[in-house]
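Let's take a look at a protein model and pick out a few spots worth a closer look. Here it is.

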Amino acid sequence: MSSIVAGTESASTRQLVEAASVIFSELANRAAPESGAACMELAEALSTVTDQAEHVLAGLIAVVDRTGEMKHWGLPSTQAWLRCRMGMREGRAKERITLARQLHRLGRVDTGLAAGELSFGYAATIADAVQRLNDDDTAAAEDILLTAAGEGLSAGKVAKLGGKIHDLVREHNGEEKPPEDVQRGYERSWVTVSRSLDGGCYLKGWLNPEDTAILDGTLAPLAKPAGVDDRRDLGERTAAALTTVLAGGHGATRVTVIADLETLTGADTPGRLRDGTPIPAEQVRRLALTAGVSPLIFGRGHIPLYLGHTVRIASSGQRRALETLYDTCAVHGCEVPGFLCEVDHVDGWALGSPTDIDKLTLCCGWHNRWKHTNPQQIQISKTDGRYIYRTLAPDGIARSRRSIPEHDANPWRDDQPLAA
């Protein structure tokens, strides 16, 4: 170990990262010891090291986030960079961004994580809890949550305390608690939607008194029992009322269901939504009866036939065809839903590209603008009738997601200090 440690103070950040890569590559190729006790000891020591590595990663992410460097590489946000270049899931990426943005406000957390005395789980939990607090309340919250962690509470239980941090800070500061009905402290209404595995979704949220009045006034009349034979409970009737309002009386909502003609005439072949969620044949036919049918005709290779004329703006029929083809933005790795994207002329309208269906794709607003200002950094391919855009490095050379670029092309500089 002493031979490895020697000379590290004079090494550059790049050299230390490369050394760590060599060490972990060697570890990855070694079998675990047979002794369970030895494995426990080594795992705990390695966990401390990886926590310290998370501190380094937070510093690097903070600089990229502050400078906006990822935008030069065709990535609209720090989260997109972590997801596309490092393969992180959404939750993992958000956790690391929050830590990177809050660590400079959390002196004791910063020091503890860097020294390996505080785990990444605790540090990320505390960073998430304080992100909406001012600096004075952040200091109080850090003290409360670190004390809880020091007393042996798990990271999960500390996270629960973090959910009540506004009340805990008031108590810590000797302030009077607000009335019970407003203890949550929310001034703005909020709603989150999370998809379930079967294609449905869960709704969670909170409405302030003004929005609650609007909700009650809108849904309450529609959520009344339809008659003596209505066996639905209040929750089911409220859900039906909500969907009725959202559908505008079944006239304002547009749902695209992809199905074979045989399905509409009685076959059992299921249809599907744009995101691939299967729809039973019987439900497809029911939707067709209540919502009407607007066919999209496809030719060989699943290429939609011509639906519009050569004008600047794509027709509504062309857009519907594109939304059927593209679940998300055409840029590889971008997850903006297709229905929120803009119609993009693949070869550029200004360069003479016609508004033909086989020359159009869907591109999110950010990437649409980026593509036209950085055409040399876009690689375009086409598979099964779908265009795929891949972003290139600023020098126009494709990079491996995991590779460390050469010195003269790397955005990191050896003479830059490692961000804390």
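## A pair of strands out in the open

Strands β1 (residues 190-195) and β2 pair up antiparallel, with six bridges between them. Strands here are DSSP runs of E with at least two residues, helices are runs of H or I with at least four, and both are numbered from the N terminus; two strands pair if DSSP finds at least two bridges between them. Serine 194 sits opposite tyrosine 202 in β2.

How many of the six residues of β2 are buried? Zero, so to speak a hardly covered strand (residues 201-206). Buried means under 20% relative accessible area, exposed over 50%, and partly exposed in between (1.4 Å probe, protein chains only).

## Where this comes from

This is a predicted model: local features need pLDDT of at least 70, side-chain atom pairs count only at pLDDT 80 or more, and totals for chains, interfaces and linings use all residues. Residues are numbered from 1 along each chain as its sequence is written, and side-chain values use heavy atoms, leaving out hydrogens and water.

## A strand covered on both faces

In a regular strand, side chains alternate between the two faces of the sheet. For β7 (residues 360-363), Leu360 and Leu362 on one side and Thr361 and Cys363 on the other are all buried. Strand β6 (residues 342-345) runs antiparallel to β7, joined by four bridges, and glutamate 342 has cysteine 363 as its bridge partner.

## A glutamate in a helix

Glutamate 142 belongs to helix α8 (residues 135-150). Its side chain has a polar atom 3.0 Å from the backbone nitrogen of arginine 108, and one 3.0 Å from that of valine 109.

Definitions and conventions
Polar contact = N/O pair within 3.5 Å; in protein donor to acceptor, adjacent residues only side chain to side chain.
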